[in-house]
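Got the viewer open? Let's take a walk through this structure together, one selection after another.

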Amino acid sequence: MSGERDRIEAALFGAVQSKDPYLTELAAHLMAAGGKRLRPVMAVAAAQVGAVEPERGGVLDDVVQGAVSCELVHLGSLYHDDVMDEATTRRGVETVNAKWGNLQAIVAGDFLLARASGIAASLGNEVAGLLAATIGRLCEGQVEELRHTYDPARTVTSYLSSVNGKTASLFAASARIGAIVAGQPREIVDTLTDVATEYGMVFQIVDDILDLTATDRELGKPAGHDIKEGVYTFPVLATLASGGSLAEELLDMLGSPLRREQWLRALEIVRSGPGIASALDLAGGYASNASAALASLPDCAATQAFCRAPQALIDSLARPSLPH
Ligand code: GRG
């Protein structure tokens with residue numbers, strides 16, 4: 001994948017060139033700061049399923065372009081998310097909104113989406129329609145989360161629906177676009193879409209656990225942020241549902257912004273209660289669904305990577321993370 005990663009990097013920076021160098025600087029800021037590039041890697045891996053060994057020259061250029069369009073949507077959503085959250089750091093650097101202002105971050109986020117859409121359109125109607133629908137799903141997932149901000153009665157169904165929209169849908173689109181552009185048979189396109197959806201669910205549940213258990217340095221952004229901002233994720237909901245005096249103490253504190261000592265206490269209760277273990281079980285269920293779906297794919301290096309990926313996310317929680 002290292003050759004493909006280099007091609008993805010070059011294409012990403014190429015995609016945000018504008019005749020206005022200031023806009024290019026704004027749009028390139030977060031991609032230059034790093035990031036795991038999981039979505040484009042997923043698109044390329046989907047294209048590689050069925051290949052006995054990597055083809056010389058790698059995947060088609062159009063696959064790299066499709067992969068880049070997904071990462072650009074991801075970046076655009078992060079720009080807008082950081083404005084909404086008034087976030088000051090991401091990927092270990094200052095956010096665009098903190099460095100240049102909200103207006104600049106919104107417009108640069110729009111520009112990233114525009115470039116993503118242009119690339120998708122160049123890959124055909126199906127890809128363009130899929131990317132547009134996925135941007136809509138991200139918005140739906142985000143609005144579902146907003147609807148229940150500071151709501152301790154938020155249901156698990158609402159949480160899962162939000163996760164499906166704001167995170168899993170873009171992983172699914174990445175795999176689907178990679179597979180479609182590579183000309184994979186329809187059954188493989190559909191299976192990879194399902195597997196990537198399950199992976200996306202695991203990814204967000206693990207991300208939500210990390211927000212409660214990791215340090216600022218490990219995350220490259222402030223930890224314990226969700227509960228402070230009134231976003232009650234699955235580990236919090238499961239702690240509340242577990243009953244007992246600690247759940248009651250937590251419930252008493254939630255529902256409005258927390259003072260610092262309340263925030264620390266709320267984190268302590270969630271970390272020591274059953275919510276984290278329940279969230280791990282929940283993630284494990286999605287990882288099993290992914291494995292089951294993968295059984296029908298040809299046995300090859302890319303399929304094996306899809307097979308390992310969800311459990312690797314869960315296992316990463318048991319290891320001390322590297323600083324961002
Ligand atoms: C403008 C497309 C668009 C959407 C508007 C703001 C919004 C609606 C949606 C937010 C979606 C969002 C930020 C979901 C969280 C996804 C997530 C887990 C991000 C972190 O992904 P990583 O860990 O990040 O892959 P890196 O930095 O490695 O790329």
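Begin by selecting H74 and the ligand: a side-chain N or O atom of H74 sits 2.8 Å from an oxygen atom of the ligand. Keep in mind as you look around that this is a predicted model. Now, how much of the ligand does the protein bury? On its own the ligand would expose 760 Å², and the protein buries 92% of that.

**Around the ligand**

Add K36 to your selection. An N or O atom in the K36 side chain is 2.6 Å from an oxygen atom of the ligand. Then add R39, where a polar side-chain atom lies 2.9 Å from a ligand oxygen. Along with H74, these two belong to the closest residues, and R91 and Q204 are also on that list.

Next, bring up everything around the ligand: 21 residues surround it. Try colouring them by character, and you'll get eight nonpolar, seven polar and six charged residues.

Which element gives the most residues to this shell? Select α4, which supplies six. In residue numbers, α4 runs 61-85. Other elements that give two or more residues are α3 (38-48), α7 (125-147), α8 (156-181) and α9 (186-213), so show those helices too if you'd like the wider setting.

**Salt bridges**

Time to look at charged pairs. Side chains of opposite charge can pair when their charged atoms come close. How many salt bridges does a search of the whole structure find? The count is 15, and we'll stop at a few of them.

Click on R90. Its side chain meets that of D81 in a salt bridge, with N to O at 3.4 Å. R90 also forms a salt bridge with D82, and here the closest N and O atoms are 2.9 Å apart. Is R90 buried or exposed? With a relative accessibility of 12%, R90 counts as buried because the cut-off for that is under 20%. D82 is buried as well.

Now jump to E145 and K166, whose side chains form a salt bridge at 2.7 Å, N to O. E145 belongs to helix α7 and K166 to helix α8, so this pair ties together parts that are 21 residues apart in sequence. Check how covered each partner is: E145 is buried, at 13% relative accessible area, while K166 is partly exposed, at 23%.

One more charged stop: select E9, R37, E71 and R91 together. Salt bridges that share partners join these four into one network. You've met R91 before, among the residues closest to the ligand.

**Out on the surface**

Switch on the surface and select M84, V143 and L146. Together they make a nonpolar patch of about 260 Å². V143 lies in helix α7, and it is partly exposed, with a relative accessible area of 42%.

**Two backbone oddities**

Go back to a backbone view and pick E86, in the loop between α4 and β1 (89-90). What is the phi of E86? The value is near 55 degrees, which is positive in a residue other than glycine. E86 is exposed, with 65% relative accessible area.

Then pick Y150, in the loop between α7 and α8. Y150 isn't a glycine either, yet it has a positive phi of about 60 degrees. Y150 is partly exposed, at 25% relative accessible area.

**Two distances to try**

Last, get out the distance tool. Pick I119, which is in helix α6 (residues 102-122) and counts as buried at 11% relative accessibility. Draw a line from its C-alpha atom to that of L72: the two are 47 residues apart along the chain, and the line should read 9.9 Å.

For the other line, find I8 in helix α1 (residues 2-15). I8 counts as buried, at 1% relative accessibility. How far apart are the C-alpha atoms of I8 and I227? They are separated by 35 Å, with these positions 219 residues apart along the chain.

Definitions and conventions:
Residues numbered from 1 in each chain as written. Predicted model: local features only at pLDDT ≥ 70, side-chain atom pairs only at ≥ 80, totals over all residues. Heavy atoms only, no water. Near = heavy atom within 4 Å. Polar contact = N/O pair within 3.5 Å; in protein donor to acceptor, adjacent residues only side chain to side chain. Areas by Shrake-Rupley, 256 points an atom, 1.4 Å probe, with all protein chains shown as cover. Helix = DSSP H or I, 4+ residues; strand = E, 2+ residues; numbered from the N terminus. Nonpolar A, V, L, I, M, F, W, Y, C, P; charged D, E, K, R; others polar. Patch = residues over 30% accessible without salt bridge, like charges linked within 9 Å, V, L, I, M, F, W, Y side chains within 5 Å. Buried < 20%, exposed > 50% of the residue type's maximum accessible area, 1.4 Å probe, protein only.
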